[in-house]
Amino acid sequence: MTSTINQHKLEHWLGNPRNKAFWNESLVHIRPSPNGGLGVFAARDIEIDPNHHDKEDLNEDPDEGLLLRIDKSCILSPQTTFISNLLYDAQIDGMYALVLAFLYEKSLGPKSPWFDYISTIQFTDPETGKLSLPCCLWDQKLQDKLAGTEAELMGVCDTEELEEHFTISLQFAKDNANVVAIPPELDLSLKDKNGVSAKESNEKKYHQFAAITMALASRAFTIDAFHQLALIPGADLFNHDSYGEEDVHFEALGDVCPFCGKLDECGHGEFGAPDSEDELMDIDEDDDGEEAQGNEDSANDESNGVKQDSDDDEEEEDDDDEEIEEIDEITEEYVKKVESELEAERLAELKSDDEMEEGSDDVEAGDSNEKGDDDDADDEDYDSDDDLPEEELMLDPDTCCDIVLQVSVKEGQEIYNTYGDLSNPMLLARYGFAVHNNPHDYVTLGKQILRYKKAHPEIEERLQWWTDSGHSIFCEFVKSLIKQQQPQHVQGAGCGDGCCGEDACCQDEYSEHSEHDEHGCCDDDECQDECCNNDEMSWLLSARIEHPGAPSHFVYALTKLVTLSEDDFKTIVEDTSESHIKKYLVKSTKNADKVLLQWCQERYDDYMYLKDLNSKQIEELSVKTSETSTDRVIDILIQNEKAILEKCISSIEV
Amino acid sequence: MTATKTQKPEVRHCCAPNCGKVTTSSLKCPICLKQDMNSYFCNSRCFRSSFAMHKAIHKKEGVESYDPFPEFPYAGELRPAYPLTPKKEIPAKVKLPDYAQTGEPISEIKNDRTNKIRVLTADEIKKMRIVCELGREVLDAGAAAVKPGVTTEEIDKIIHEETIKRKAYPSPLNYFNYPKSVCTSVNEVICHGIPDKRPLKDGDIVNLDVSIYKNGFHADLNETYYVGDKAKADKDLVNLVETTRESLDMAIAQVKPGFAFREIGDIIEEHAKKNNVSVVRSYCGHGVNSLFHCQPEVPHYGKNKAIGTCKPGICFTIEPMLNMGTYRDVLWPDNWTSTTEDGKPSAQFEHTLLVTEDGVEVLTARTKRSPGGPIPRIA
């Protein structure tokens, strides 16, 4: 959840035309959310035509659900920070680069263009005033509570990744110390100072780093092929909705040139990557006759001290495809003809330019529709005396990130985004919160199955077969089953086929809180390639009870497998046709149910910390989201897992 | 590249600046022919696609010079004075940059807007020092010729010849099909003025923007000069020119490792505001090395979000353009000349800089003999 303080600073930042942002104050307000921190609320009833979700349409009616638009040059990313070249030289990208960009910008204080935004981000728990730390840095007591939970199984208490991240960041700071001052969080002490031991002060810095990293992970968006992960002031105010009812979408054209971020005409497509500079074409060699044209296309580039206005280039009329008119002699008549044609084309172009200008109806930066009068008071650093050129104020939708409302909302209603279809352990690991009754939760039975195997040596052969081939064959079967049920998103099937535990497949702990589909790590195809390996680990992870209490196909199959008669097992090993799978591995039996019950009960008993809550207490936890105390988060997490198991158990007994 | 009579008539180059290839074609521009020039083109497409540029060298009957865009709403009093002289020859001994033939700087286009900023090796820095020193000599030679009555084309000729004399290539020549070897920006011209037949007048200011290429590296520098004593007596003009000169020096003084490129604009804009002049926003300083223009991008206006930080071994330019009136610019139909929107004068100064371990080295620094230089403001 967002911990944003001092919202006025943020509103001030968004309202400054230099920051090329448009915050739709006529539609939404920022104020404290009952979920904790700030949230975004509808300022009035907003009607959204469900068929109107095209970015193009927004140009016709900028009010159609556009809540925030900000130019990519003004988001805080590894590509927009002052240390961008240092990050490039160090070959650091992704989340590591974003954290460094943030730390260095933060260390500049008011000299950073993002100062107002940065100062709104909080790294401490508003209730306790303590740093909001990732699970792996919690007190042992709290970590112990997680014992036996899916979160523990997922390794949320493992410090390895955080330590590696910190080490790499320290190294970067050290390597660049001769260029840029080391930010305080990365400036480790070698000696004790003022009665504080070096160890103690360094641990404090490590914790600050961890808290910042977690805060950024919960705020970062995946932008495009160039910027990758970035912070978007304002966009991170929307709280998370886990129930598939998010109100807004994040939109940005992602398919840009990975080298320069341009949408097209950047030259990298035509001439190759920047680092292929040593293989430059020798000018004496290119004689293929097609090169002569179009060089003005790439000349409209202001960055190089050279500004070309491609609008009225007089010599780019020729299409490469145009046939060469065969002439024996350039006569004066021919010259006249060329001249009059060029003139006609020039006039036509001028005319179309004029028309384009009239037609444009873009949103202007800093324009927030109905700006309240009292806002003018704190405008002193907007430099109202020097009016910025119009072309710098107009926001080009193609180079912007948008937050767009997707559904109609009522006045006063909080507006939610989704950070992805994430289970509570994932939410806890990435963002430090959990939600009650999370539909993406599940409980795995891997440990119980292994225990069962130990107690029943006779089934070892069967589980070996399952590891070697049975599981992957069954995976295919489930996939085809799901395809038949499509196109509806299959509930609980985190990666489409439920065959991979999300931790096995979403290695990247810090994914973005944009669309689930965008992070692309649980895509069916990739899933098949990367995580459905023929090893025990992968099928153990797929043996889970899904929310709200339904065993996955894999759990059923395993309970069947271990209870089949010797003959039936032989039959299916010999012939794994679909009908055999259906007959032997899908339909439940009494014996299989008994095994399932045993596993579930054992799983239930494995919780080290079992806090029994009465229904009233659960009610108290049922706020949609909660970022408050860690204990409450753990309670929610365990309560949800317990509820899943209880439901499963009761359904078996019935 | 034969616009005039070639010495070796057997080797013909297509006259289209976007082609420039060797050709066996005998298609000639009939208008050039009438004016005693042989301009060959590969085919009708080369002719047609470049005609708008090519016709700049055509004389007009009965007049010494003419305005090629009589309908254009010029912002100030300055007018282009055509015809231009044909493109100048480059001897074979001079190494060409990749755009010399077609105008297309492919190496630059490939490097455009990535966030890599090149750090030069000690050997490369040596080459940069040499080419920048030569660049200074060439600019000084051009500046020495600045006086009332001299045309900007005559200055172009001097700069071209001084460049060639040093076995260097005049970087602007055919860069995106730019027709000359130097940019000469008079009075309201902000930058990229094309040398032509207009004689400089007492009371003008003129900027000479010299760039040369040698041993694989470019030097880039410019200065604004007062033409005659009348300009030096114009209080506002002196304020503009000297403020611009000072703003560059003040920005340079801050350059050292760790200095963010986006801070440069704050320094320049602050000094400009203090002296009641404005900062042009459309044109930026840039990285310069084996590429004429590359990263970093260095805006001269305040509160910009340019990316990157100074690191020892990075070479770049700062080249503030300051205007007496509005900062807004307009482009002439030649697609190069940029003038102020209100027709009031604009001044510019530029150096090529090298970030060192503890500061900065001005590679194109003035010498004791350099013409021009600061003059006191008029009270």
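This is a short tour of a predicted model, with suggestions for what to select next and what you will find there.

**Stop 1: chain A as a whole**

Start by selecting chain A, which has 25 helices and 13 strands. Of its 654 residues, 53% are buried. Now think about contacts between residues with a separation of 6 or more: in chain A, 77% of them join residues 24 or more positions apart.

**Stop 2: colour by confidence**

Switch the colouring of chain A to pLDDT. The average is 74, and 73% of the residues score at least 70. Which element of chain A has the highest mean pLDDT, and which has the lowest? Helix α4 (residues 94-107) takes the top spot with 96, while helix α17 (residues 516-519) sits at the bottom with 34.

Next, select residues 277-321 of chain A, where pLDDT stays under 50. The model has 110 contacts beyond four places in sequence for this stretch. Do the same with residues 369-385 of chain A: pLDDT stays under 50 here too, and the model has 23 such contacts beyond four places in sequence.

**Stop 3: a buried salt bridge between strands**

Over all chains, the structure holds 32 salt bridges. For one of them, pick A:D402 and A:R69, whose closest N and O atoms are 2.9 Å apart. A:D402 belongs to strand β9 (residues 400-405) of chain A and A:R69 to strand β4 (residues 66-71) of chain A, so this pair ties together parts that are 333 residues apart in sequence. Are these two buried or exposed? A:D402 is buried, with a relative accessible area of 0%, and A:R69 counts as buried at 1%.

**Stop 4: a salt bridge between loops**

Staying in chain A, select A:R219 and A:D236. Their side chains meet in a salt bridge, at 3.1 Å from N to O. A:R219 is in the loop between α9 (198-217) and β5 (221-222) of chain A, and A:D236 is in the loop between β6 (229-230) and β7 (239-240) of chain A, 17 residues apart. Both A:R219 and A:D236 are buried.

**Stop 5: rings in chain A**

Time for some aromatic side chains: a search of the whole structure finds 25 aromatic pairs over all chains. Show A:Y452 and A:W599, an edge-to-face pair with 5.7 Å from centre to centre and 85° between the planes. A:Y452 lies in helix α14 (residues 446-455) of chain A and A:W599 in helix α23 (residues 590-605) of chain A, so the pair ties together parts 147 residues apart in sequence. A:Y452 and A:W599 are both buried.

Then select A:W465, A:W466, A:F474, A:F477 and A:F554 together, and you have a cluster linked by ring pairs. One more ring to visit in this chain is A:Y442: A:R544 lies over its face, 3.7 Å from the ring centre.

**Stop 6: over to chain B**

Select chain B and colour its two stretches from the domain assignment: domain 1 (12-55) and domain 2 (106-362). How far apart are the C-alpha centres of domain 1 and domain 2 of chain B? They lie 32 Å apart.

**Stop 7: rings in chain B**

Zoom in on B:Y178 and B:W336. Their ring centres are 5.1 Å apart with the planes at 85°, so this pair is edge-to-face. B:Y178 sits in the loop between β5 (169-170) and β6 (183-186) of chain B, and B:W336 in the loop between β15 (329-331) and β16 (338-340) of chain B, so parts that are 158 residues apart in sequence are tied together. B:Y178 is buried at 2% relative accessible area, and B:W336 counts as buried at 7%.

Next, bring up B:R281 and B:Y301: the charged end of B:R281 sits over the ring of B:Y301, 4.0 Å from its centre.

**Stop 8: charges in chain B**

Pick B:K197 and B:E153, a salt bridge with its closest N and O atoms 2.9 Å apart. B:K197 is in the loop between β7 (189-191) and β8 (205-214) of chain B, and B:E153 is in helix α5 (residues 152-165) of chain B, so the pair ties together parts 44 residues apart in sequence. Which partner is buried, and which is partly exposed? B:E153 is buried, at 8% relative accessible area, whereas B:K197 is partly exposed, at 26%.

For the last selection, take B:R136, B:D140, B:E223 and B:R366, which are linked in a network of salt bridges.

Terms used:
Residues are numbered from 1 along each chain as its sequence is written. Chains are lettered from A and ligands numbered from 1 in the order in which they are written. This is a predicted model: local features need pLDDT of at least 70, side-chain atom pairs count only at pLDDT 80 or more; totals for chains, interfaces and linings use all residues. Side-chain values use heavy atoms; hydrogens and water are left out. Rings of Phe, Tyr and Trp (its six-membered ring) pair if their centres lie within 6.5 Å; planes under 30 degrees apart count as stacked, over 60 as edge-to-face and the rest as tilted. Helices (H or I, at least four residues) and strands (E, at least two) are DSSP runs, numbered from the N terminus. Buried means under 20% relative accessible area, exposed over 50%, partly exposed in between (1.4 Å probe, protein chains only). A charge sits over a ring if NZ of Lys or CZ of Arg is within 6 Å of the ring centre and within 35 degrees of the ring normal. Domain bounds come from an automatic or database domain assignment. A salt bridge is a side-chain nitrogen of Lys or Arg within 4 Å of a carboxyl oxygen of Asp or Glu. pLDDT is the predictor's confidence in each residue, from 0 to 100. Contact means heavy atoms within 4.5 Å.
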